[in-house]
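Reader: I'd like to learn how to read a fold, going from the whole chain down to single residues. Can you walk me through one?

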Amino acid sequence: MSGNVDIKLIKSLKEKKFRDLNGLFTVEGEKMVREAQESGFEIVRLIHRDEIGEDAMKKISLMSSPSPVLAVIRKPEDKPIVVGDGLFIALDSVRDPGNMGTILRMADWFGVKAVFASQDSVEFYNPKVVQASMGAIFRVRAQYADIPALCRQFRAAGRPVYGTFLNGENIYGSPLSENGLIVMGNESNGISAETAAEVSARILIPKAEGSRAESLNVAIATAITLSEFARRK
């Protein structure tokens with residue numbers, strides 16, 4: 001490791017503007033680094049605590065106790081969006097890193113083909129998203145898109161576009177396809193009006209009679225929705 005120059009660069013990757021500027025992000029921990037090594041992501045630098053010392057590792061680590069290893073990884077380039085078979089997820093202004101990371105894990109678990117997010121959603125390579133994904137960030141295609149335009153693209157290809165709404169049709173009695181796009185909305189405001197206009201099938205996760213809960217966490221709602229789609233196969 002070439003002195004302070006590398007340390008300064010890696011420390012800067014804690015901030016989104018520098019991740020965007022350099023096209024790089026970091027992961028920490030033996031499991032996460034191993035996931036990165038086994039993926040198709042380009043590892044720019046692999047740094048071991050034993051090689052640089054505890055003090056230097058503390059400077060570049062985001063953890064309270066620095067992990068034994070840290071990897072600097074290049075962000076993948078976006079690919080053209082092609083509507084194919086299977087289920088895809090679109091996230092309309094999902095802002096919480098924990099939710100985003102968990103949704104990526106759900107997508108990985110249920111075999112979702114890709115997760116698309118609006119530009120105002122939280123960054124996929126935010127350290128908290130990366131950690132919460134538990135390695136799914138390396139296995140699930142994740143990229144940004146114009147969500148209303150994406151919905152139109154799916155509909156033009158003859159694929160249903162599902163959206164979760166409080167006034168939707170009970171998901172447990174609704175016809176569900178193995179192919180299509182599932183839109184999940186913002187934690188506070190749900191799916192935006194512009195995106196809602198492009199949804200072809202409104203679905204609802206029903207709550208128990210007498211429940212006073214106003215809504216479900218978006219990550220939990222995604223898990224329930226994907227589970228029902230999987231059950232119908």
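Reader: What share of the contacts in the protein with a separation of 6 or more comes from residues 24 or more positions apart?

Author: Keep in mind that this is a predicted model. Residues 24 or more positions apart supply 77% of those contacts. The chain folds into 10 helices and nine strands.

Reader: How does the radius of gyration of the protein sit against that of a compact globule?

Author: You compare it with what the chain length suggests. For 233 residues a compact globule would come out near 17 Å, and the protein has 19 Å, so the two agree. The C-alpha trace spans about 60 × 40 × 30 Å along its principal axes, and 48% of the residues are buried.

Reader: Now a single residue. Is Leu46 buried, partly exposed or exposed?

Author: The call rests on relative accessibility: under 20% is buried and over 50% is exposed. Leu46 is at 31%, so it counts as partly exposed. Leu46 sits in strand E2, residues 43–48. Its C-alpha lies 7.3 Å from that of Val69, 23 residues apart along the chain. Beyond its sequence neighbours within four places, its contacts include Val33, Gln37 and Leu70.

Reader: And a charged one: which side chain of opposite charge is nearest to Asp92, and how far away is it?

Author: For a salt bridge you'd look within 4 Å. Asp92 is buried, and the nearest candidate, Arg95, is 7.9 Å away, leaving Asp92 with no salt bridge. The Asp92 side chain does reach the backbone nitrogen of Ser192, at 2.8 Å. Asp92 lies in the loop between strand E4 and helix H6, and the residues it touches include Ser118, Met184 and Thr195.

Methods. Residues are numbered from 1 along each chain as its sequence is written. This is a predicted model: local features need pLDDT of at least 70, side-chain atom pairs count only at pLDDT 80 or more; totals for chains, interfaces and linings use all residues. Side-chain values use heavy atoms; hydrogens and water are left out. Helices (H or I, at least four residues) and strands (E, at least two) are DSSP runs, numbered from the N terminus. Buried means under 20% relative accessible area, exposed over 50%, partly exposed in between (1.4 Å probe, protein chains only). Lys and Arg count as positive and Asp and Glu as negative; His and the chain ends are not counted. A polar contact is a pair of N or O atoms within 3.5 Å; within protein, one must be able to donate a hydrogen and the other to accept it, and residues adjacent in sequence count only if both atoms are side-chain atoms. Contact means heavy atoms within 4.5 Å. The radius of gyration is taken over C-alpha atoms; the globule rule is 2.2 Å times the number of residues to the power 0.38.
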